[in-house]
Amino acid sequence: MTGRPSLKILSCILAVGVAGCASFYEIPIETPIAAKLDVSAFQRVFIAGFISGGTDDVDGNLETVRLLRSQLRMKSNLRVVDADVLPLLDVASGRSEAASGSQAREGVAPDAPEIKNEKDLQPYEHIFADADYWKRIGEEYQNPLIVTGTVLFIPHSQAGMVQREREVIDPLGRRRVEPTREYMERKGFILQEKFIFIDGRSGAQIYSEALREERLYNQNDNTPALSSYFELMDEIIPRFLSTLSTQRVRGSRVLIK
Amino acid sequence: MPMRLLSVVVLVAALGGAVYADARSDAKAQVEFGIAVAQRGLWKEAIYRWERATQIDPTYAAGHNNLAVAYEHEGMLDKAAEAYERALKLEPDNVLVRQNFELFKEIHDRTTQSQNP
């Protein structure tokens, strides 16, 4: 074990002598990014469920819970609680009705609330501040770190000028790529997630983070909603994970002489 | 008398230049050794070499740049930012240092963007 580094250093001395010509070197690096949240007090994490809305093609609550649990199992030291997903929307609507004297919200059936935008989420967000409720959930699952929040996955379309690259052949027969601007109608999805981290011991919110991603596709692509959801989650998941555990960002830099 | 003064000035200038050249070549040797060890994954040794280089010759931008890269790799992001800034102050037009710094800032900004509620 101790001989290895010294051998390496010896080989470096040789390398310095040999590689004297180049004046810069590209080198791969991995930058460790410290977790945003100190989770050392917790041994378990419970992805409880989300209040979700938007398109009916994807169950934002179930899919987000499944995906986050599987990612945390692979990339976090916390033990992931494998339990049924909480029907948070039902819980929150029950509470809304109780609070407003059992009056259903105007224009929305109490058993199937329609959530199509951020404003529709607001009547349910009080659930995240209900420390007693979360404390009871925490006691049930041995005081884990609880992750909950909102998921909004909405269809989106946009028309306008788009810059694209076009291959052209000049009079001398040479191929060249040049940027062109053209009018395009595109459609896609917006994924807005708000992650709320709750201390299962006290039921208190300890951190929250709102993330938003959108993706537009050519009108003729017919990209399924679920595959777009996973594409957008690919962007969001590293940022979610960096809240709970140290992440290493790979890249390269240039060393100079 | 003026002739004597002139020769003293010339001697001081020559000695100064020689000392500077010596400092630069010593620092360069440290920088080269640091590069060789970093390429073999011995980043702590590389940091030691590049810190030595910047002590020997604080005006050597390459030493500061390489030190910044090593600090970045070790997760010492504040120190990395300072070292990049020193390198750029010494060589503001160095494209390689600037490119490293831009890539570093992308990561650094990401870590400082998060806010508590």
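Q: Which pattern of helices and strands does chain A follow, read along the sequence?
A: In this predicted model, the pattern of chain A begins with α and closes with β when it is read along the sequence. The secondary structure of chain A comes to six helices and seven strands, and written out in order the pattern is α-β-β-α-β-α-α-α-β-β-β-α-β.

Q: What share of the 257 residues of chain A counts as buried?
A: A residue counts as buried if 20 or more other C-beta atoms lie within 10 Å of its own. Applied to the 257 residues of chain A, this gives a buried share of 26%.

Q: Which element of chain A gives the largest share of the side that touches chain B?
A: Between the two chains, 27 residues of chain A are in contact with 28 residues of chain B. The elements of chain A that give two or more residues to this side are helix 1 (3-18), strand 1 (24-33), strand 6 (205-218) and strand 7 (247-256). By class, the side has 17 nonpolar, four polar and six charged residues. The largest share, eight residues, comes from strand 1 of chain A.

Q: Why should helix 2 of chain B span the length that it does, and what is that length?
A: Helix 2 of chain B covers residues 43-56, which is 14 residues. The expected span is 1.5 Å times one less than the number of residues. Because each residue adds 1.5 Å, the helix should span 20 Å, and this agrees with the distance between its end C-alpha atoms, which is 20 Å.

Note on methods
Residues are numbered from 1 along each chain as its sequence is written. Chains are lettered from A and ligands numbered from 1 in the order in which they are written. This is a predicted model: local features need pLDDT of at least 70, side-chain atom pairs count only at pLDDT 80 or more; totals for chains, interfaces and linings use all residues. Two residues are in contact if their C-beta atoms, placed from the backbone, lie within 7 Å. Helices (H or I, at least four residues) and strands (E, at least two) are DSSP runs, numbered from the N terminus. Ala, Val, Leu, Ile, Met, Phe, Trp, Tyr, Cys and Pro count as nonpolar, Asp, Glu, Lys and Arg as charged, and the others, Gly among them, as polar. A residue is buried if 20 or more other C-beta atoms lie within 10 Å of its own, exposed if 12 or fewer, and partly exposed in between; C-beta atoms are placed from the backbone.
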